[in-house]
Structure formats: C-alpha cells, structure tokens
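Work through the exercises below with the model open. Try each task before you read its solution.

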Amino acid sequence: GDQPDFYYQIGSMETFEKRVQDAQKSVKDPIFIRNETRQDWGKDIFGWVFPIILLVGVWFFIMRMMSRGGAGGGQIFNIGKSKAQLFDKESSVSVNFKDVAGLHEAKVEVMEIVDFLKNPKKYTELGGKIPKGALLVGPPGTGKTLLAKAVAGEAKVPFFSLSGSDFVEMF
C-alpha cells in the first residue's frame, strides 16, 4: 500500500545513492529512491526549553535561600537592615534603678534623662530640645543594656538596643 516496507538510516546520502545505482545496473525493474527528512520537534523543543526551565528553577531556589538566610549566603541582602531590639511595655521592661547594682555615677548622670523623658514639657518650655538618643559606651559586660532598661523602666518609655558593630554596618 502507501506505507513503506522498510525504514533505514544511512550515514552519507551520496554514498548510499551511488551504491544503489551500482546495484541496479543489471536490474530490469529498478527501484526509485525517494528520500524525506523527518524532524522530531518534541526533542528539539525539549532541548532548548528544559535548560531554560532548569536555570529559572535554580535561580528561584537560590533567591529563596538567600532571602531567608540559609547556607551562609543570606547575609548579603541584610546589609543596612537594623538588628536593633525594641524594648517597650509589651517586651516587659520592668527594670528600675533599684535593680542595677553599682554604677552610682552613671545613675546620677542618666537621672536627668529620666526626668526629661517623664516631664518633656518642663524642658521644652525652657528651650531644651528633645534628644535623639543616648549612646552608652563601655566594654562588654559592664551593664550598659541593664542601665538603658532601667532608664526606660523608670521613664516608662520604649528603647532600642543595638550593638556597635551592627550600628557601623547599618551606616
């Protein structure tokens, strides 16, 4: 019928046609060769779509890992983000100056800040400006954070706690 009897793959078209012509020199009813080239579109499309999908998938995976801080690469997007902790009424700042042992000179100096935070109107009427913050400097373990909590607890105001290296990294 219309269906071919044989399917074959050949290496070189010229060599194959030459061999067929040589074989048919003495044949009374020669065979005519009709060649058609077929292409597998599915394989071709898969060959260029799959790598693109794979690259996009790997890119999304890496971005998700970096955004949540996994595998050491997450810190690259955290530059400039504040690592400050907020201590307020909900964070249970119930520390007072009675809880801070020692630091008598520091307590006396920050009592003025506590008074200002409790009664800001008294100081602003005299021309005083609201301070942006207080910077407590000292070696680790000397009670800076405890003193700041005591100031916030006495004045009943929130405060941010931030290490010096985090501050430098932000700015």
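The exercises cover salt bridges, a nonpolar core, one helix and a surface patch. Keep in mind that this is a predicted model.

**Exercise 1. Find how many salt bridges the structure holds, and which residues form a network of them.**

Solution.
- Step 1. Count the bridges: the structure holds three.
- Step 2. Start at Asp 22. The side chain of Asp 22 meets that of Lys 18, at 3.7 Å from N to O.
- Step 3. Look at Asp 22 again. Its side chain also meets Lys 25 in a salt bridge, at 3.8 Å from N to O.
- Step 4. Join the two. Lys 18, Asp 22 and Lys 25 are linked in a network.
- Step 5. Find the bridge between Asp 115 and Lys 122, with 3.4 Å from N to O.

**Exercise 2. Explain how Asp 22 and Lys 18 are placed in helix H1, and decide whether each is exposed or partly exposed.**

Solution.
- Step 1. Locate both in H1, residues 13-23. They are four residues apart, so about one helical turn separates them.
- Step 2. Recall the helix rule: with 3.6 residues a turn, residues three or four places apart point the same way.
- Step 3. Check accessibility. Exposed means over 50% relative accessible area. Lys 18 has 53% and is exposed. Asp 22 has 41% and is partly exposed.
- Step 4. Add the other partner of Asp 22: Lys 25 is exposed, at 68%.

**Exercise 3. Identify the residues of the largest nonpolar core and the helix that gives the most to it.**

Solution.
- Step 1. List the nine residues: Val 95, Phe 97, Val 100, Val 110, Val 114, Leu 147, Ala 150, Val 151 and Ala 155.
- Step 2. Assign helices. H3 (104-118) and H5 (144-155) each supply at least two core residues.
- Step 3. Pick the main contributor: H5, with four residues.
- Step 4. Check one contact set. Ala 155 touches Val 114, Leu 117 and Lys 118, leaving aside residues up to four places away in sequence.

**Exercise 4. Describe the span of H5, its buried residues and what follows it.**

Solution.
- Step 1. Take the span. H5 has twelve residues and reaches 17 Å from first C-alpha to last, close to the expected 16 Å.
- Step 2. Mark the buried residues: Leu 147, Ala 148, Ala 150, Val 151, Ala 152, Gly 153 and Ala 155.
- Step 3. Go one step past the helix. Lys 156 follows H5 and has a positive phi, near 60°.

**Exercise 5. Name the residues that make the nonpolar surface patch of about 820 Å².**

Solution.
- Step 1. Collect the members: Trp 41, Ile 45, Trp 48, Ile 52, Val 56, Trp 59 and Phe 60.
- Step 2. Place one of them: Trp 59 lies in helix H2, residues 41-68.

Terms used:
Residues are numbered from 1 along each chain as its sequence is written. This is a predicted model: local features need pLDDT of at least 70, side-chain atom pairs count only at pLDDT 80 or more; totals for chains, interfaces and linings use all residues. Side-chain values use heavy atoms; hydrogens and water are left out. A nonpolar core is a set of buried Ala, Val, Leu, Ile, Met, Phe, Trp, Tyr and Cys residues joined through side-chain atoms within 4.5 Å. Buried means under 20% relative accessible area, exposed over 50%, partly exposed in between (1.4 Å probe, protein chains only). Contact means heavy atoms within 4.5 Å. The expected span of a helix is 1.5 Å times one less than its number of residues. Patches are made of residues with over 30% relative accessible area and no salt bridge: like charges are joined within 9 Å, nonpolar side chains (Val, Leu, Ile, Met, Phe, Trp, Tyr) within 5 Å. Accessible areas come from the Shrake-Rupley method with a 1.4 Å probe; for residues, only the protein chains shown count as cover. A salt bridge is a side-chain nitrogen of Lys or Arg within 4 Å of a carboxyl oxygen of Asp or Glu.
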